[in-house]
Amino acid sequence: MSSVRKLLRVCVLTVAASVIFAGAGSAHHSISGEFDNARQVTGEGTVKEYKLINPHTDIVVAVAGEDWTLTFGPATKLIRGSGWNEDTLRPGDRVTATGRPARKGLGLYLAALVKADGTVLIDDLEE
Amino acid sequence: MLSGLGGFAAWSALAAQAALAQAPAEVAAKLAASVWAYVNADGEVLVSGSFTGVPPDSVLLPEALAARQSFDFRTDDPVLGCGPPGMPRAFTAGSPMTFALTDERLTIRYESMDVERAVVMNGAPPDEAVPRTPNGYATGRWEGATLVISTTQLDERVVDLLGTPKSDAMTLEERYTIDAADGKTYLRVDLTMNDPKVFTAPYVWHFDFVPRPDWELMEYECRERPVDLTPGVVAD
């Protein structure tokens, strides 16, 4: 199954079942540190802040009354490699995110990010 | 007749010298004409660099290995607070880089962490009176078409994000050669770390880069972040 199809399946499940991040499954990835490689979670929320910065881009998303910080790679990677800019996300945008949860606090290292209109912004889910 | 042969030999020597003299200029022009992008072991060109690996445990002296095993990036890594990575870490981030070269000076810029590094090209010997710094004191020279950079006066910090130590005895030698393969141009780099307080023998890293003349280096402008939300260590 392609990563995008897998992501779409995840989105459907998410919308149908939950608006709260909930742990499931496992993932092999080369990011660890303060994020839990053994778990992968998915959730849907509303963008509050979008910081296209280095060394890690942060997106603050409101999920069921709580603020989650979604973290990804450097702005340089997103700008040059994926064409991101200051307008890629705006406060109020609905997004569905999948990734590894922070060991402390409400954080997620992104593996996938999709806007409500279906635009796939990040697709790093493993096969 | 003999004088004729002698003249031919002298002409050949002059021609060889001219070729050697010209080669650095050609290489320098190629180096300066483009951003250079890191190519990883899978042949992927990375748009913003990447973790390039660490020296294996087997090449570390016992004390250095113990230091690395006790390294905690949350408290011990100056880069976490946007401090300078220093050499060779600035290089081994696999960052896109540029070269600006004159007869007297080479300036190498690395996009990641906005590192700018000066290399003295005027033949002056390393000056041991200069203070130790993260990037050290670098001198460059040409060996044929190979650019060779020697670095001393490095301060003590870490080589990578796993905390491989870097002592005050560390010196570096980098060798840069432009090569063509499969119709593509590559910049091949061998970087040797000499540090008898850390390694069992000089440790050599090899890196490949490709030209990206349509790129420009971006300002990195590192922002310090909460440690609880910091991806710290590459696990595999």
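Let us start at Pro96(B), a buried residue with 27 other C-beta atoms within 10 Å. Pro96(B) sits in the loop between α4 and β2 (97-101) of chain B. Which residues does Pro96(B) touch, once those up to four places away in sequence are set aside? The list is Val35(B), Trp36(B), Ala37(B), Ser48(B), Gly49(B), Glu111(B), Trp215(B) and Leu217(B). Val210(B) is also worth finding: 114 residues separate it from Pro96(B) in sequence, while the two C-alpha atoms are 9.6 Å apart in space.

Before going further, please keep in mind that this is a predicted model. Its scores are ipTM 0.81 and pTM 0.82. The average pLDDT of chain B is 86, and 87% of its residues reach at least 70. Which elements of chain B have the lowest and the highest mean pLDDT? Helix α1 (residues 2-32) of chain B is the lowest with 61, and strand β1 (residues 35-39) of chain B is the highest with 97. In residues 1-5 of chain B the pLDDT stays under 50, and the model gives them 0 contacts beyond four places in sequence. Residues 15-22 of chain B are also below 50, and that stretch has 1 contact in the model beyond near neighbours in sequence. Where pLDDT is low, the predicted coordinates should not be read in detail.

Back in chain B, you can look for the largest nonpolar core, which has 34 residues. The members that touch the most other members are Ala90(B), Leu106(B), Ile108(B), Tyr110(B), Met113(B) and Val119(B). Take Val119(B) as a guide: leaving out neighbours within four places in sequence, Val119(B) contacts Arg105(B), Leu106(B), Ile108(B), Ala138(B), Thr139(B), Gly140(B) and Ile149(B). A second core lies apart from this one; it has 22 residues, including Leu70(A), Ala97(A), Ala102(A) and Ala112(A). In soluble globular proteins, nonpolar side chains tend to be buried together.

Next, follow a run of paired strands in chain B. Strand β6 (residues 146-152) of chain B runs antiparallel to β9(B), and 5 bridges join them. Within this pair, Val148(B) stands opposite Arg175(B) in β9(B). β9(B) is in turn joined to β10(B) by 11 bridges, again in an antiparallel arrangement. Here Ile178(B) stands opposite Leu187(B) in β10(B). β9(B) and β10(B) form a hairpin with 2 residues between the strands.

Asp182(B) lies in the loop between β9 (171-181) and β10 (184-194) of chain B. Although Asp182(B) is not a glycine, its phi is positive, at about 55°. Is Asp182(B) buried or exposed? Asp182(B) is exposed, because it has 5 other C-beta atoms within 10 Å and a residue counts as exposed with 12 or fewer. Cys82(B) is another residue other than glycine with a positive phi, near 70°. Cys82(B) is in the loop between α3 and α4 of chain B, and it is partly exposed, with 17 other C-beta atoms within 10 Å. The loop between α3 (73-76) and α4 (89-92) of chain B also holds Pro88(B). A cis peptide bond links Met87(B) to Pro88(B), with omega about 5°.

Now turn to chain A, which has 2 helices and 7 strands. Reading from the N terminus, the order is α-β-β-β-β-α-β-β-β. Of the 127 residues in chain A, 42% are buried. Contacts at least 24 residues apart make up 53% of those in chain A between residues at least 6 apart in sequence.

Chain A has a cis peptide bond as well, between Asn54(A) and Pro55(A), with omega about 5°. Pro55(A) belongs to the loop between β2 (40-51) and β3 (58-63) of chain A. Further along, helix α2 (residues 75-82) of chain A has Ala75(A), Thr76(A), Lys77(A), Leu78(A) and Arg80(A) as its buried residues. Just after α2(A) comes Gly83(A), with a positive phi of about 75°.

Our walk ends at β6 (residues 107-115) and β7 (residues 120-123) of chain A, antiparallel strands joined by 3 bridges. Val114(A) stands opposite Val120(A) in β7(A). The two strands, β6(A) and β7(A), make a hairpin with 4 residues between them, and in its turn Gly118(A) has a positive phi of about 95°.

Key:
Residues are numbered from 1 along each chain as its sequence is written. Chains are lettered from A and ligands numbered from 1 in the order in which they are written. This is a predicted model: local features need pLDDT of at least 70, side-chain atom pairs count only at pLDDT 80 or more; totals for chains, interfaces and linings use all residues. A residue is buried if 20 or more other C-beta atoms lie within 10 Å of its own, exposed if 12 or fewer, and partly exposed in between; C-beta atoms are placed from the backbone. Two residues are in contact if their C-beta atoms, placed from the backbone, lie within 7 Å. pLDDT is the predictor's confidence in each residue, from 0 to 100. Two strands pair if DSSP finds at least two bridges between them. A nonpolar core is a set of buried Ala, Val, Leu, Ile, Met, Phe, Trp, Tyr and Cys residues joined through C-beta atoms within 7 Å.
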